[in-house]
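Subject: Structure handover

Hello,

I am passing this structure on to you. Please open it first, then read my notes below.

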Amino acid sequence: MIISYRFLLLSQFLAGYLVFFSLASFAAGVSYESYPEARRGVFITTTALGQPGTSGIQFIETGTQDFVVQTDAVLLDGAQANEFRVKTPLPLVVKEGGAPQILEIECTPTQEGIRTATLRLLSNEPNQPQLAYPLGCVGNYKLRPELAFFPLLNSGLRFPQTQPGKSSHTWLSLLNAGANGTTVEVSSVQISGAHAPDFVLKLLDSTATPLTYDDAQLLPAQNFALPGKQFPRQLRLDCTPSALGERTATLSFSSTDPNFPRLSYPLICLSGTAVAPSDILLSNTQITEGDGADTLVGVLSTLDGNVGDTHTYALLPDSAPLFQIATSTSSSGISSRLMLKEIARYDAANPFYQVHLSSTDSSGLTLDKRFNIEVLSKVKFDAEVYSQTQLVNTVDNSETFRLIGIVQPSPAHVGQHARIEVLYVYTDLLGNSVHLPAILIKNGILESNMRFDLFKGSLLYLPGQIEVKLSYTLDSGEVRSDLAKVLTVKPNTPPQDIRLEGQKVTENSPVNTLIGTLSTVDADRGDSFVYALMNNPGQPFGYFQIVGNELRMANSFPVNFEDTRSLNIKVRSIDANGAFFDKDFVIEVVNQIEARISGELFSAGVLLPKVSSTPVTVYGDRPLTLNARILPEPSHIGKTAEVFYEVALTSPDSVLLQNRVVLKSSVSLRERMDYAAFTNIRADLSGAVQIKIGYRLLDTGEEFSEQVANLDLQAKTPLQESWTKLAQPLCSAAYRQPEVLDLNAHPETYQGTNTLLEQINALPLLKEAGLLAQQDKLTGQLLVEVNQQRLAWLPLLLQANDTADTSAAVTLGTRNSLRIRLAGPPALQLIAQPATDDLCALQTALSQQGFTQLQVQNSGDIQIGNASEIFSLRPDLTTTASSNATAGFFPQNDGTALLVYRDAQSTLKQQVFYATPVWGEALLAAVENGLFESPIHLSFDLNAKHYRVIPALKATRGTQATLTPVQISHAGDLNADGIEDLSVQYPNGDRQVFYAVTP
């Protein structure tokens, strides 16, 4: 599973107000703070009925373990509970030491006025597992002031039970449900009744920033105003009972809302007697083999009816001797933890230890409880990060890398069903964190060593740290997890320098003339760069252009040595993150002896080669443009002349057609004259074409002309030329591959209604066998899966024949070439050559042996070489899985080679390659009756003698500068099989051995 995305960290807002926290204490075990705190209430504002409004509860972890709001532990009750919902998926986890998390709550009011409910949650905090939050929202703000409050009047205000002399508190929220500009005044706030001295009312100073729980924010009860469309004012009531039993009083106040001129709330506070502890809780009951002394097992806590009571813990004599109790005191109080006293050991026959604990409260009342502590067998979670072929723990911001997760389950779990998950925790440079969970396998069988492709790519714009945490969950519910890898992503480094190899251009160079190659110096591994010209001389358009990383000429005849000896340009290199570097270069203009009469001919915007004895093929349906330049003889300057171009066409039936076009009938000759002879014309003709440009002196009638084009004109672009081609695959080493046909595209010259791939899949051979051909978008390979084997071809050539046999067929040649004939009209024939299943894996394997250049021939053969040697190979069609082979490239003695590699899913695969002639066409042209009998055997006749040979995998590069015919000579018995072998020298000097075999 590969995951590729960009993180976006947003500031966390609570109902439009940014919340800050000041943490003053740190507790052992599970501990948390929330804003607002439980019982204080969450208020949500909205302005229209039926429209949702949101607010939330922010949880902060303040202990030594993760705080968790449990899954399926949400209960909404109350008068309008159906108008509220919790939006945040559960469980909500606040990691130990991690960023706060918000539980988002939504209210969609159906009626005007205050809407209320109570949200009840269940957490893993042992002292307060059940949390309750009053909820309120207002639908449609009134135009007049209106007092709203929660809890409602008839519910009264109840306090958590406490003991005499110990305080507990609750909250009352008051709100003006009117619009902006309205105000409700609250006055005469008082507490009365028999036990009034046991109660204290305080007002929260809503202007205090930051919003914390500091008592300095609580003001004595006083008169205050409630402006419209603002958050509620909070009143905190404290109860400190002076005696046992129920303590009661009444809170009352006045308001300027005529509907509520005077309000009162009953106050009920219960003070109980000392009761014994009701339960002992241990936060964890599992340890792992190998855990050492002083390893924390779990945090101890006690459920007790006396809120705030303290407890001491003891191990009773029948407890296993492996454990001890540690007690510490901090600003948060006393913390007791169960710890290991010695190394934990795993016993498959009895993986449990018994612990017998007692808890004694401050009154001396005691409770004891037994726990079974399970010892888990050790599980290994790991991850490997590969940059190219190197293992790393740190990657550059723009570097392409591969992340592989490793899970080695407990031997006791191998063979069981489990869900395997990964959790990515990304922390940016400011300390903000994002948690991204993903399921790798929903329900799979655990194996002893499992590897997963977690990510492949780069993390642009994401400097920081990534924690990779792996886990698996058994059907029994047992979970095993651990941190597998901490990966550091370094911030981007801007480019540091630009280099230009080649800074000269010959005057009058045509469009696309290569001047030099650009490269960038950058500290980041694997960074990519885009180049731009920030200063480009030339009017009205710049002289230069950048194509990829090449500086080229941008228009015709732009630079003349006599006018300009050098040109200044500024180049900008922009890296993958958008950082850039600028550098100035000077381009030197080189003088040349110019042709007096010259021209440039373009076909569909592409400049054609200069005139030569070999005609250039052009197609009449592609627009042709001719630009002419005349540099008259110095003695002709100032004379009057006629400027013309002349086209001579010899048709296929040898009919000569000539046409002269006068560009200027009377012009005074200047030192240089440039003309657009014709622009974007189409010629529906065929034949040999010669084009001349010249001028005729009107006073003498003398003509001066030069041939500027020698063409083979064809009326229509062939199907092969008009079909869409795919880009080459990107690998790290140097390579070349022929253009591959896009089987999902339609050319303009083909009228078929289905794509080639759709027609191929409709062939009976594939359809009846239930096979499906696909084309890989990255490599262009035509792929067919057959019996867990993958067949791969490169679709290279497409031919059309209106008179050909219209029946469809599939033919596989001796050397595994594929020919597919599709019924017409027009009948199409697709020719595809066998392909390497993983070109990049092949390059990686060969580059480790010093072969860094790879070239795929039009025949499908592959050449890999260095300065002195060449591998000439032909790939077999199939790849197979290999469970125990070693990755690499392995030449064999039988004329074959084996590539063993890991595919994108990290599965070990292997592919066979056959030796083939380095220059097969040249060799077959030099012999008689040349024939490939199989992918590896070649037979031919030479000097009245028949040979059957196997080419050697490796050939030697030639050094001679001139071409010579193919030379074949006897080389003796090189492989000691009793048959004399051959040595072949190709026209460029490359040498290859051919081992003779018995015919």
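Along strand β22 (residues 279-282), which side chains point to one face and are buried, and which point to the other and are not? Ile280 and Leu282 are the buried ones, on one face. Asp279 and Leu281 point to the other face and are not buried. Buried means under 20% relative accessible area; exposed is over 50%, and partly exposed lies in between (1.4 Å probe, protein chains only). In a regular strand the side chains alternate between the two faces of the sheet.

Before the rest, some ground rules. This is a predicted model: local features need pLDDT of at least 70, side-chain atom pairs count only at pLDDT 80 or more, and totals for chains, interfaces and linings use all residues. Residues are numbered from 1 along each chain as its sequence is written, and side-chain values use heavy atoms, with hydrogens and water left out.

**Strands and sheets**

Strands (E, at least two residues) and helices (H or I, at least four) are DSSP runs, numbered from the N terminus. Two strands pair if DSSP finds at least two bridges between them.

β22 runs antiparallel to strand β24 (residues 296-303), joined by four bridges. Leu282 faces Leu300 of β24 there.

Next, an open sheet. Five strands form it, in the order β32-β38-β37-β34-β35, with mixed pairing. β32 (394-395) and β35 (433-445) are the edge strands; each has a single partner, so one side of each lacks a neighbour in the sheet. Inside this sheet, β34 (residues 417-428) and β37 (residues 464-474) pair antiparallel over eleven bridges. Asp428 is opposite Gly464 in β37. Val422 also belongs to β34. Val422 has 2% relative accessibility, so it counts as buried. Leu470 is 48 residues from Val422 in sequence, yet their C-alpha atoms are 4.6 Å apart.

Now look at β72 (residues 938-942). Five of its five residues are buried, so the strand is largely enclosed by the rest of the structure. Leu938, Phe940 and Leu942 lie on one side, Ser939 and Asp941 on the other. Two neighbours pair with β72:

- Strand β71 (residues 928-932) runs antiparallel to β72 and is joined to it by three bridges. The two form a hairpin with five residues between them. Phe932 has Leu938 as its bridge partner in β72.
- Strand β73 (residues 945-951) pairs with β72 in the antiparallel sense over five bridges. Leu938 stands opposite Val949 here. This hairpin has two residues between the strands, and Asn943 takes a positive phi near 55°.

**Aromatic rings**

How many aromatic pairs does a search of the whole structure find? The count is twelve. Rings of Phe, Tyr and Trp (its six-membered ring) pair if their centres lie within 6.5 Å; planes under 30 degrees apart count as stacked, over 60 as edge-to-face and the rest as tilted.

Phe59 and Phe67 make a tilted pair, with centres 5.4 Å apart and 35° between the planes. Both residues are buried. Phe59 also pairs with Tyr133: the centres are 6.4 Å apart and the planes at 90°, so this pair is edge-to-face. Phe59 lies in strand β5 (residues 53-61) and Tyr133 in strand β11 (residues 130-139), 74 residues apart, so to speak of distant parts of the chain being linked is fair. Tyr133 is buried, as is Phe59. Ring pairs join Tyr32, Phe59, Phe67 and Tyr133 into a cluster.

Ile57 is in β5 too. Ile57 is buried, at a relative accessible area of 0%. Ile57 and Ile102 are 45 residues apart along the chain, with 5.5 Å between their C-alpha atoms.

Two arginines sit over rings. A charge counts as over a ring if NZ of Lys or CZ of Arg is within 6 Å of the ring centre and within 35 degrees of the ring normal. Arg572 has its charged end over the ring of Phe580, 3.8 Å from the centre. Arg815 lies over the face of Phe932, at 3.9 Å from the ring centre.

**Cavities**

There are two cavities of 30 Å³ or more. On a 1 Å grid over the protein atoms alone, a cavity is a set of points where a 1.4 Å probe fits but cannot get out; lining residues have an atom within 4 Å of a point. A volume is the space filled by probe spheres set on the points, which are joined across faces, edges and corners.

The second largest cavity holds about 90 Å³ of space. Its lining has 13 residues, and Gln737, Gln781, Leu794, Ala835 and Thr836 lie nearest its centre. By class, eight are nonpolar, five polar and none charged. Ala, Val, Leu, Ile, Met, Phe, Trp, Tyr, Cys and Pro count as nonpolar, Asp, Glu, Lys and Arg as charged, and the others, Gly among them, as polar.

Best wishes

Definitions and conventions
On a 1 Å grid over the protein atoms alone, a cavity is a set of points where a 1.4 Å probe fits but cannot get out, and a pocket is an open set with protein on both sides within 12 Å along at least five of seven lines; lining residues have an atom within 4 Å of a point.
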